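Open the model in your viewer and keep the selection tool at hand. The tour goes from stop to stop, with something to select at each.

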Amino acid sequence: MHFDTLALQATHQQDPATGAVVPPIHLSTTFERNEAHELPGNYLYARPNNPTREALERSLATLEGGTTGIAFSSGQAATMTLFQALRPGDHVVLAHDGFYGTTSLLETVFHPWGLTYTRVDMRDIEAVRASIHENTRIVWVETPSNPTLTIVDLLTITRIAHDGGALCVCDNTWATPVLQRPLDLNCDIVMHSTTKYLSGHSDVIGGALIFRRNDAFTQRVRQLQSISGAVPSPFDCWLVMRGLKTLGVRVRAQTATAQAIAEFLDGHPMVEQVNYPGLANHPDRQLIKQQMNGPGAMLSVHITGGAEEALRVLSRLRLFRRATSLGGVESLIEHRASVEGPTTTTPANLLRLSIGLEHPDDLIMDLARALTSA
Ligand SMILES: *Cc1c(COP(=O)(O)O)cnc(C)c1O
């Protein structure tokens, strides 16, 4: 089945009571027992689980090709719960770039708790191999990475992780299962901020983990969530489910526009560098073809003249919204270093663009005007 068909099939659930084509939102926090003291469904109380969340979890597992999905109240809650499933003394390997919140969690919460971590350049296969020790439990991959769109070889990194007895986790937020399915490349766990493309309309904070196997580790993560309570609301789950139905068309349309914008920006005198996996001169062209179905709708640019010039370009845009986050239907742009704060490693002249569903000609005109009058 093609992805779009699968997305509609996976999110469809006829309500047996009414025949409704769209599933209801189950707001009940508790579930009643019959006279024999049995629960009629598999539900007891809505923190451990509820029908709306379960429907989303099944859909997510199907779309990523996993056995088990667990939906969370945010992407960070998903990451947090996964690290909580490790033990003090365990070690994590992650990229030297990538979503700053993942490193922040390790530094702020888990380092004091006894987890150690090493950041490496994931394109340097020997460096990754050398960073894996006996106590390494997770190799955390993010590809394309935030905000420089570094491409990491999922098949190779997973093999090295497995050789070292570690699990390979892929943050698939930027690619989405439309463009990349890490579990098909032997990764063990996929992480999502469903806040982004999966919900797609900048109106939900959510996260998810999807597991290749439903083993003891998967069950431990589920148990930790149930105990610690980083759970999404039924309404948020329902919104993400609705977003999944249009994920394929949105991502493809947004990708086509991003390609046009990246080509316009590449070689522009006000632009030093464009980071976009769809450019013909991208050094990882072969790898991108091998593991992705398309380059996606995120890009970043280095503006000629430094931070001041970058902020000036930002201030002149009229169609792009100057806001953080990504993956929604409206195009967003941000000066990433300002958002990440004083500890950032992001270049000061970098602007990150999330391309939405506006017409490409209008977005290009907006950028052209902002860049020439700068
Ligand atoms: C946004 C984001 C996260 C964090 O997700 P939240 O839903 O904001 O908690 C993690 N990874 C990536 C790549 C993201 O873009």
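The structure holds 14 salt bridges, each a side-chain nitrogen of Lys or Arg within 4 Å of a carboxyl oxygen of Asp or Glu. This is a predicted model, where local features need pLDDT of at least 70, side-chain atom pairs count only at pLDDT 80 or more, and totals for chains, interfaces and linings use all residues. Residues are numbered from 1 along each chain as its sequence is written, and side-chain values use heavy atoms, with hydrogens and water left out.

**Salt bridges**

Select Asp4 and Arg252. Their closest N and O atoms are 2.5 Å apart in a salt bridge. Asp4 lies in helix H1 (residues 3-11) and Arg252 in helix H10 (residues 247-265), so the pair ties together parts that are 248 residues apart in sequence. Helices here are DSSP runs of H or I with at least four residues, strands are E runs of at least two, and both are numbered from the N terminus. Asp4 is partly exposed at 28% relative accessibility. Arg252 is partly exposed too, at 40%. The classes are buried (under 20% relative accessible area), exposed (over 50%) and partly exposed in between, with a 1.4 Å probe and protein chains only.

Go to helix H12 (residues 307-316). Select Glu309 and Arg312, whose side chains meet in a salt bridge of 2.8 Å, N to O. The two residues are 3 apart, about one turn of the helix. Glu309 is buried at 15%, while Arg312 is partly exposed at 32%. Add Glu308, which is exposed at 61%. Now measure from Glu308 to Leu155: the C-alpha atoms are 40 Å apart, across 153 residues of sequence.

Next, select Arg352 and Glu334. Their salt bridge spans 3.0 Å, N to O. It links strand E12 (residues 350-354), home of Arg352, with strand E11 (residues 332-335), home of Glu334; the two residues are 18 apart. Both Arg352 and Glu334 are buried. Extend the selection to Arg336 and Glu340. Salt bridges with shared partners join these two, Glu334 and Arg352 into one network.

**The ligand**

Which residues come nearest to the ligand? Select Gln76, Asp171, Ser193, Thr195 and Lys196; they come nearest among the 14 residues around it, where near means a heavy atom within 4 Å. Start with Asp171: one of its polar side-chain atoms lies 2.7 Å from a ligand nitrogen. Move to Ser193, with a side-chain N or O atom 2.8 Å from a ligand oxygen. Then pick Trp174, where the corresponding separation from a ligand oxygen is 3.4 Å. The ligand taken alone exposes 380 Å², and the protein buries 90% of that. Accessible areas come from the Shrake-Rupley method with a 1.4 Å probe; for residues, only the protein chains shown count as cover. Colour helix H3 (75-84) and strand E6 (189-193), the elements that give two or more residues to the shell.

**Two buried residues**

Select Glu57 in helix H2 (residues 51-64). Glu57 is buried at 3%. Its side chain makes a polar contact of 3.4 Å with that of Arg222; such a contact is a pair of N or O atoms within 3.5 Å, within protein one able to donate a hydrogen and the other to accept it, and residues adjacent in sequence count only if both atoms are side-chain atoms.

Last, select Met298 in strand E9 (residues 298-303). Met298 is buried at 2%. Its C-alpha atom is 9.5 Å from that of Gln259, 39 residues away along the chain.
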